[in-house]
There are 2 protein chains.
Amino acid sequence: MTVGPVEIGQRSETVRRANLGAIVRELHAHGALSRSELVARTGLTRSAIRSLVGELVHAGLAAEGPATRLGTPGRPSPVVQLVAGSAVVVALDIAVDSLAAAIVGLGGRTLARVRIERSREHSSVDEIAADLTGLARTVLGRRPAAEPVVGIGVAVVGVVRRSDGVVSMAPNLGWRDIPLGERLARALDLSVPISVANEADLGTLAELRRGAAVGADDLVYISGEVGVGGGVIVGGRPLTGIAGYAGEVGHMPVNPEGAPCRCGSVGCWETEVGEDALLVRAGLMPGGGRAAVDTVLREAAAGSATAQAALDHVGTWLGFGLASLVNLLNPQLIVLGGRFGRMYPFVTRALHAELDRRTLPAARSLVTVIPTSLGVDAPLLGAAELALEPLLADPAQWVRPRDTLPELKSA
Amino acid sequence: MTVGPVEIGQRSETVRRANLGAIVRELHAHGALSRSELVARTGLTRSAIRSLVGELVHAGLAAEGPATRLGTPGRPSPVVQLVAGSAVVVALDIAVDSLAAAIVGLGGRTLARVRIERSREHSSVDEIAADLTGLARTVLGRRPAAEPVVGIGVAVVGVVRRSDGVVSMAPNLGWRDIPLGERLARALDLSVPISVANEADLGTLAELRRGAAVGADDLVYISGEVGVGGGVIVGGRPLTGIAGYAGEVGHMPVNPEGAPCRCGSVGCWETEVGEDALLVRAGLMPGGGRAAVDTVLREAAAGSATAQAALDHVGTWLGFGLASLVNLLNPQLIVLGGRFGRMYPFVTRALHAELDRRTLPAARSLVTVIPTSLGVDAPLLGAAELALEPLLADPAQWVRPRDTLPELKSA
DNA sequence: CAGAGTTTGTGTTCCTCTCCACCAAATCTG
DNA sequence: CAGATTTGGTGGAGAGGAACACAAACTCTG
């Protein structure tokens, strides 16, 4: 219910921008809304809504449709909707086992999407950049019309410096200090801003905007893939930290007696709840990927004590780590994503037992743990949201400024 | 450099309010500033600054003094300063071993202050409320003139629900679900808003505004008293969580094999780095308080291997827990407060070694660990800042609205 | 010591945005 | 079908900040 911080030193133009942004944000989040609903949601007057919506319509960003019959008395209110084709972004996802690209329009509609499997051997920047460029061209070709592209968002399994899109570390890819943003910007050659962020952080954003966490302003998302990632929403805003490295929950030290971690440390959370920890305890080979995890789940469902013990181990340690997060962040919601989402029914008992044991009652009573509602595409959707952010924050840039009012008056 | 989030649905009045707030906030944070410095800092024009400062002066919240000679060419700019006596708050602090009260004026000047020792036996709400009321009356009597009181801020060693000032748990006081805000409001009978918050959270705020962390928008503060508390600043804003319970770092589980904690859990961070952990390892009796800690530090300085080993243990575990926070929050600064501030020189080696071992290099390279620069009064100052917050956010409420401009014109 | 240059305060004018009041339109209810 | 209710449209009013021109005060230079 609040928009981002407004810079000090406001002018009337700033007000217009903020109000336009508020309207676009509401429409982006909730889909079609009648004018009167916009009045109620934003607190703006009918006159202001009329003027601003008129401007959006004139700029082609929004369209007004006929009123929906509600059965209530009073003049029906026309329904306003963002035009998905008025501005689109390219979303890219570099996951451990796959690459994906999508075209997503204003309002959040996916206009085109493609995902390919990726062998873990081919992880050089050149190969991945080339593959992604190909995917991007594919989806750009598949979009219905020549919708204008206003941004590129990239999700990547690695630690990313937000300011310039440098991947400072990605163990799954073997990358260190790779200027991914720059590389992809050059390869795609679209001359629009490019934003790169961590896959889990973007999954969190997607969950907040389109998934199970809509409306949860204080949120923790844990993504279990090969490694363990996470994202945090604080007061409705993504937690980035000073450089964008925040949310690396997988490398919280939890066990002083633990096993060595890929990051170089010992006893990281990931070494207890990561994919390989589960597989090894279940008697399987490490590195088995998603299929192996599903095997464990099937075995547990069939009554295998070994499989269930492995899942209990993961569940207990999940609860152990989550207890830290609950006591530290006092979140409203914890969303388990990635493999954890599928494991959820098998780990929930151990997880909750540990959480009950180790969290402060006050904070415990307010938090709910749920599985993700988005599939593998969560980071991809989050990347789209990230790329759309500038447009939502300041739609005025895309609105032709001062020839709307006379036209409105004469119309 | 940013003000708080502005509600959607802005009006011109909102703009004025935000700009007035920005000016007051700058003056509150930096003390005296010339008009031209205000222009530079806020981005507002000279005209706007003139009008807004004029209004503040007219309302008595600010005063303009003669220009300071800078030796630079050009017309000198008058210096604007907040009038500390124009609005004051009552700050209260319920610490483990002491109670304190202060009168703090706009701009942050402490006009009166008193602190008394408290025996740990007398911890009932009635006793503490009575003592605090007495202290408050004392400082209110000592203030120079009859400055108007605009708020009350309370720091307490316990977990506090921000919305209504209920202390949900305070092991040091033996409290559970105590409506402290309500009790104190009734006892003080000042008919001004009262805000209650955790002592460490308020220490963090004080450190951010008045201490070693000025300008650090992503900050972690760890306060070591009998227990271990903490506060987090994210993007310049205090992290509260959904109900205000955030920052309970003392109860992050860190050691599955650890000792039982007062909170009912096992292996909390507090059980490894808290006061008693140090004392017992140094061969002293637990519960010795500040004096006992100082004894350990003296012994270590004198070369005692036992004392230094105990400090190394604390330092290592401090680093272990801080590593979680660094990987999770990617802060710019970590401030060690309370007993940790005094321990700093003795634990820094072990702490940094552990931090180096367990944090992601990217995040590690950006974070600095420093001891606090504020003394025991940090929470008290933070309580004052908390109580002043509404005034800073919207000084327009305290400004007589619309009789300034005519006067300015005729003057 | 005087004039040039620089910086800042002052006051006016203009622009933009929002709000308010009134009227018109569309729908439901009895 | 008439009244009630809700909402949209329009024009005027009010408020706030920006831009501009001018005046004032200070430093620097010769």
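A residue counts as buried when its relative accessible area is under 20%. In this predicted model, Leu106(A) meets that criterion, because its relative accessible area is 2%.

**Surroundings of Leu106(A)**

Leu106(A) sits in the loop that joins strand 6 (98-105) to strand 7 (110-117) of chain A. Leaving aside residues up to four places away in sequence, the contacts of Leu106(A) include Val24(A) and His28(A), Leu61(A), the residues Leu82(A), Val83(A) and Ala84(A), and also Leu388(A), Leu391(A) and Leu392(A). Ser86(A) and Ala87(A) are among the residues touched as well. A distant part of the chain also comes into this region: Glu385(A) is 279 residues from Leu106(A) in sequence, yet the two C-alpha atoms are 9.2 Å apart.

**Relation of the two chains**

Chain A superposes on chain B with an RMSD of 0.1 Å after a turn of 180° and a shift of 0.0 Å along the axis. The copies are therefore related as by a two-fold rotation axis. Of the interface residues of chain A, 100% are also interface residues in chain B, so the copies meet through the same surface.

The size of an interface is often given as the accessible area lost when the parts come together. The table lists values for the contact between chain A and chain B.

| Interface item | Value |
|---|---|
| Residues from chain A | 62 residues |
| Residues from chain B | 62 residues |
| Buried area, chain A and chain B | about 5,100 Å² |
| Share of that area from carbon and sulfur atoms | 66% |
| Residue pairs in polar contact, both at pLDDT 80 or more | ten residue pairs |
| Salt bridges found by the rule | zero salt bridges |

On the side of chain A that touches chain B, the elements giving two or more residues include strand 1 (2-7), helix 1 (12-30), strand 14 (228-234), helix 10 (305-329) and helix 11 (339-358) of chain A. Helix 10 of chain A gives the largest share of that side, eight residues.

**Helix 10 of chain B**

In chain B, helix 10 (residues 305-329) has 25 residues and spans 35 Å from its first C-alpha to its last, close to the 36 Å expected at 1.5 Å a residue. Helix 10 of chain B is largely enclosed by the rest of the structure, because 19 of its 25 residues are buried.

Ser304(B) caps the N-terminal end of helix 10 of chain B, with a side-chain oxygen 3.4 Å from the backbone nitrogen of Thr306(B). After helix 10 of chain B comes Asn330(B), which has a positive phi, near 45°.

How values were computed: Residues are numbered from 1 along each chain as its sequence is written. Chains are lettered from A and ligands numbered from 1 in the order in which they are written. This is a predicted model: local features need pLDDT of at least 70, side-chain atom pairs count only at pLDDT 80 or more; totals for chains, interfaces and linings use all residues. Side-chain values use heavy atoms; hydrogens and water are left out. Helices (H or I, at least four residues) and strands (E, at least two) are DSSP runs, numbered from the N terminus. The expected span of a helix is 1.5 Å times one less than its number of residues. Buried means under 20% relative accessible area, exposed over 50%, partly exposed in between (1.4 Å probe, protein chains only). A polar contact is a pair of N or O atoms within 3.5 Å; within protein, one must be able to donate a hydrogen and the other to accept it, and residues adjacent in sequence count only if both atoms are side-chain atoms. Copies are superposed by least squares on the C-alpha atoms of residues with pLDDT of at least 70 in both. Contact means heavy atoms within 4.5 Å. Buried area is the accessible area (1.4 Å probe) that two parts lose on being put together, summed over both. A salt bridge is a side-chain nitrogen of Lys or Arg within 4 Å of a carboxyl oxygen of Asp or Glu.
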